[in-house]
Amino acid sequence: MAYWLLKTEPESYSWDQQVKKGAKGEAWTGVRNFTARDHLKAMKTGDRAFFYHTGDEKQVVGIVEVIKEAYPDATDEKGVFVCVDIKAVEPLPTPVTLAQVKADPKLKEMVLARQPRLSVQPVTADEWKTVCRMGGLKA
DNA sequence: GCCAACGTTGGC
DNA sequence: GCCAACGTTGGC
């Protein structure tokens, strides 16, 4: 199983909205970046991802699971980009902020700390465990 | 609100 | 196919 990180602005699509979709999940659309698209295509059903809020929050707020692998993004009229479906798994008891990630020696190599603009990022197993523990989960 | 970094686009 | 210009994003 692989791990990922999905970025969103809470003003446009938030963790709370994702939770309300429940088990049937929601399509993660709107990606318009080729690197991010490649990551979306690499996702498999059952993969897990951090749900990260940008803007004023800049923190990982929850965990989601991929429930449908990449298919054409209906919001992209040119048909070159894709989306996946995800469902909320659980929130982090304590959100992990960008500042914490940058301050932790084990996490400062994370794509999140190095390329904050990339909207879909890979996360290593070690980074996954570390962030989960910091967030109050056993992982 | 500003600035830096990055990705994309278009001209050559 | 390369490179410069431009626009967008996101952190501070």
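**Exercise 1. Identify the residues around DNA strand C and characterise the contacts.**

Solution. Step 1: in this predicted model, DNA strand C is surrounded by Lys7, Glu9, Tyr52, Lys58, Leu98, Lys102, Pro116 and Arg117. Step 2: sorted by class, the residues of this surface comprise 3 nonpolar, no polar and 5 charged. Step 3: turn to the DNA side. Sugar or phosphate accounts for 82% of the atoms of DNA strand C within 4 Å of the protein, and bases account for the rest. Step 4: list polar contacts to phosphate. Lys7 places a polar side-chain atom 2.3 Å from a phosphate oxygen of DNA strand C, and for a polar side-chain atom of Lys102 the distance to a phosphate oxygen of this strand is 3.0 Å. Step 5: look for a contact to a base. A polar side-chain atom of Arg117 is 2.8 Å from a base oxygen of DNA strand C.

**Exercise 2. Carry out the corresponding analysis for DNA strand B.**

Solution. Step 1: the residues around DNA strand B are Asn33, Phe34, Gln115 and Arg117. Step 2: by class, they divide into 1 nonpolar, 2 polar and 1 charged. Step 3: of the atoms of DNA strand B within 4 Å of the protein, 61% are sugar or phosphate atoms, the rest being base atoms. Step 4: examine the phosphate contacts. A polar backbone atom of Phe34 lies 2.8 Å from a phosphate oxygen of DNA strand B. The side chain of Gln115 has an N or O atom 3.2 Å from a phosphate oxygen of this strand. Step 5: examine the bases. Arg117 has a polar side-chain atom 2.6 Å from a base nitrogen of DNA strand B. Step 6: combine this with Exercise 1. Arg117 has a polar side-chain contact to a base oxygen of DNA strand C and to a base nitrogen of DNA strand B.

**Exercise 3. Describe the largest pocket: what is its volume, and which residues and elements line it?**

Solution. Step 1: the volume of the largest pocket is about 320 Å³. Step 2: its lining consists of 16 residues, with Lys7, Thr8, Glu9, Trp28 and Thr29 nearest the centre. Step 3: assign the lining to secondary structure. Strand 1 (3-8) and strand 2 (26-28) are the elements that give two or more residues; strand 2 contributes the most, with 3 residues. Step 4: by class, 4 lining residues are nonpolar, 7 are polar and 5 are charged. Step 5: relate the pocket to the DNA. Lys7 and Glu9, listed among the residues nearest the pocket centre, are also among those around DNA strand C.

**Exercise 4. Is Gln121 buried or exposed, and what polar contact does its side chain make?**

Solution. Step 1: locate the residue. Gln121 belongs to strand 6, which covers residues 120-123. Step 2: apply the cut-off for burial, which is under 20% relative accessible area. Gln121 has a relative accessibility of 1%, and therefore counts as buried. Step 3: a polar atom of the Gln121 side chain lies 3.4 Å from the backbone oxygen of Gln115. Step 4: connect this with Exercise 2. Gln115 is one of the residues around DNA strand B.

**Exercise 5. Summarise the fold and assess the compactness of chain A.**

Solution. Step 1: count the elements. Chain A contains 5 helices and 6 strands. Step 2: their order from the N terminus is β-α-β-α-β-β-β-α-α-β-α. Step 3: compare the radius of gyration with the globule rule. The radius of gyration is 14 Å, close to the 14 Å given by the rule for 139 residues, so chain A is as compact as a globular protein of that length. Step 4: give the extent of the chain. The C-alpha trace spans about 40 × 30 × 30 Å along its principal axes. Step 5: of the 139 residues in chain A, 46% are buried.

Definitions and conventions: Residues numbered from 1 in each chain as written. Chains lettered and ligands numbered in written order. Predicted model: local features only at pLDDT ≥ 70, side-chain atom pairs only at ≥ 80, totals over all residues. Heavy atoms only, no water. Near = heavy atom within 4 Å. Polar contact = N/O pair within 3.5 Å; in protein donor to acceptor, adjacent residues only side chain to side chain. Nonpolar A, V, L, I, M, F, W, Y, C, P; charged D, E, K, R; others polar. 1 Å grid on protein atoms, 1.4 Å probe; cavity = no way out; pocket = protein on both sides within 12 Å on 5 of 7 lines; lining within 4 Å. Points joined across faces, edges and corners; volume = space filled by probe spheres on them. Helix = DSSP H or I, 4+ residues; strand = E, 2+ residues; numbered from the N terminus. Rg over C-alpha atoms; globule rule 2.2 N^0.38 Å. Buried < 20%, exposed > 50% of the residue type's maximum accessible area, 1.4 Å probe, protein only.
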